[in-house]
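The following exercises concern a predicted model. Please study the sequence and the structure, attempt each task, and then compare your reasoning with the worked solution.

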Amino acid sequence: LELTEREREILPVLRPAGIILFRHNFSSTDLQHSALRLIAEVRSLTNREDLLVSIDHEGGRVHRLYPPASHFPAASTWGERTAEVALAMGCELREVGVNLSFAPVVDILSEPTNTVIGPRAFGVDPDTVARRGVEFFNATEKAGVVACAKHFPGHGGTQGDSHFELPILE
């Protein structure tokens, strides 16, 4: 919620183009104002009004904001409402100062035993995943947030979880 003294020392020197926020960077009692204060301080220290403020926030189990922000279900459940969900998600992210979202997952769930992608994927069909991905991108951009597709092509076809091992796709 607060920068450390060390962070205050190095931010003016490093002047990063962006930062990433995690759940612990948000107050559960003052969601919007706590994030906006933190971001304003980083902008001031880096002298970057155009600072990229990112978050890994895609709905389902990858959800970083406290209530009153919405906790959307995983992308596999959105169907024809993908654009609506993405617009609402983007608006909420923008309200807390985020302008870059590491979402959506555009992996095709082609391996049924895959535990890392699973319901995070829009589906098992490349055309559906592509269409939903474009809908998500357009709606998020409309909200003033840049979307960043993830992961590497083929991750939905692996069995390993990239958080714990290097997945291999033969």
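## Exercise 1: The sheet

Begin with one pair of residues: isoleucine 55 stands opposite serine 101 in β3.

**Task.** Determine which strands are joined by bridges, in what order the strands form the sheet, and which strands stand at the edges.

**Solution.**

Step 1. Strand β2 (residues 52-55) is joined to strand β3 (residues 100-101) by two bridges, and these strands run parallel.

Step 2. Between β1 and β2 there are four bridges, again with the strands running parallel. Here isoleucine 19 has valine 53 in β2 as its bridge partner.

Step 3. The open sheet consists of four strands in the order β1-β2-β3-β4, with parallel pairing. The edges are occupied by β1 (18-21) and β4 (146-147); each has a single partner strand, so one side of each lacks a neighbour in the sheet.

Step 4. Together, β1, α2 and β2 make a β-α-β unit, which is right-handed.

## Exercise 2: The two faces of β1

**Task.** State which side chains of β1 point to one face and are buried, and which point to the other.

**Solution.**

Step 1. Recall the general pattern: in a regular strand, side chains alternate between the two faces of the sheet.

Step 2. Apply this to β1, where Ile19 and Leu21 point to one face and are buried. Gly18 and Ile20 point to the other face and are not buried.

## Exercise 3: Salt bridges

**Task.** Identify the salt-bridge partners of arginine 8 and describe where they lie in the chain.

**Solution.**

Step 1. Recall that side chains of opposite charge can pair when their charged atoms come close. The cut-off needed here is a nitrogen-to-oxygen distance within 4 Å.

Step 2. Glutamate 5 forms a salt bridge with arginine 8, with their closest N and O atoms 3.3 Å apart. Both residues belong to helix α1 (residues 5-14); because they are three residues apart, about one helical turn separates them.

Step 3. Arginine 8 also meets the side chain of glutamate 41 in a salt bridge, at 2.6 Å from N to O. This pair links distant parts of the chain, as glutamate 41 is in helix α2 (residues 31-46) and arginine 8 is in helix α1, 33 residues apart.

Step 4. Consider accessibility. Glutamate 5 is exposed at 55% relative accessible area, whereas arginine 8, at 25%, is partly exposed. Glutamate 41 is partly exposed as well, at 22%.

**Further task.** Is arginine 132 buried or exposed, and with which residue does its side chain form a salt bridge?

**Solution.**

Step 1. Arginine 132 has a relative accessibility of 7%; buried means under 20%, so arginine 132 counts as buried.

Step 2. Its salt-bridge partner is glutamate 135, at 3.5 Å from N to O. Glutamate 135 is partly exposed, with a relative accessible area of 22%. The two residues are three apart in helix α4 (residues 126-142), about one helical turn.

Step 3. For the wider picture, the count of salt bridges comes to eleven. A network of salt bridges links Asp56, Glu58, Arg64, Arg120 and Lys150.

## Exercise 4: The cysteines

**Task.** Explain why cysteine 148 forms no bond with cysteine 91.

**Solution.**

Step 1. A disulfide is a covalent bond between the sulfur atoms of two cysteines. The cut-off is a sulfur separation within 2.5 Å.

Step 2. The closest cysteine sulfur to that of cysteine 148 is in cysteine 91, 20 Å away, and therefore too far for a bond.

Step 3. Accordingly, a search of the whole structure finds zero disulfides.

Step 4. Cysteine 91 is partly exposed at 37% relative accessibility, and cysteine 148 is partly exposed at 30%.

Conventions: Residues are numbered from 1 along each chain as its sequence is written. This is a predicted model: local features need pLDDT of at least 70, side-chain atom pairs count only at pLDDT 80 or more; totals for chains, interfaces and linings use all residues. Side-chain values use heavy atoms; hydrogens and water are left out. Two strands pair if DSSP finds at least two bridges between them. Buried means under 20% relative accessible area, exposed over 50%, partly exposed in between (1.4 Å probe, protein chains only). A crossover is right-handed if, with the strands pointing away from the viewer, the path from the first strand over the helix to the second runs clockwise.
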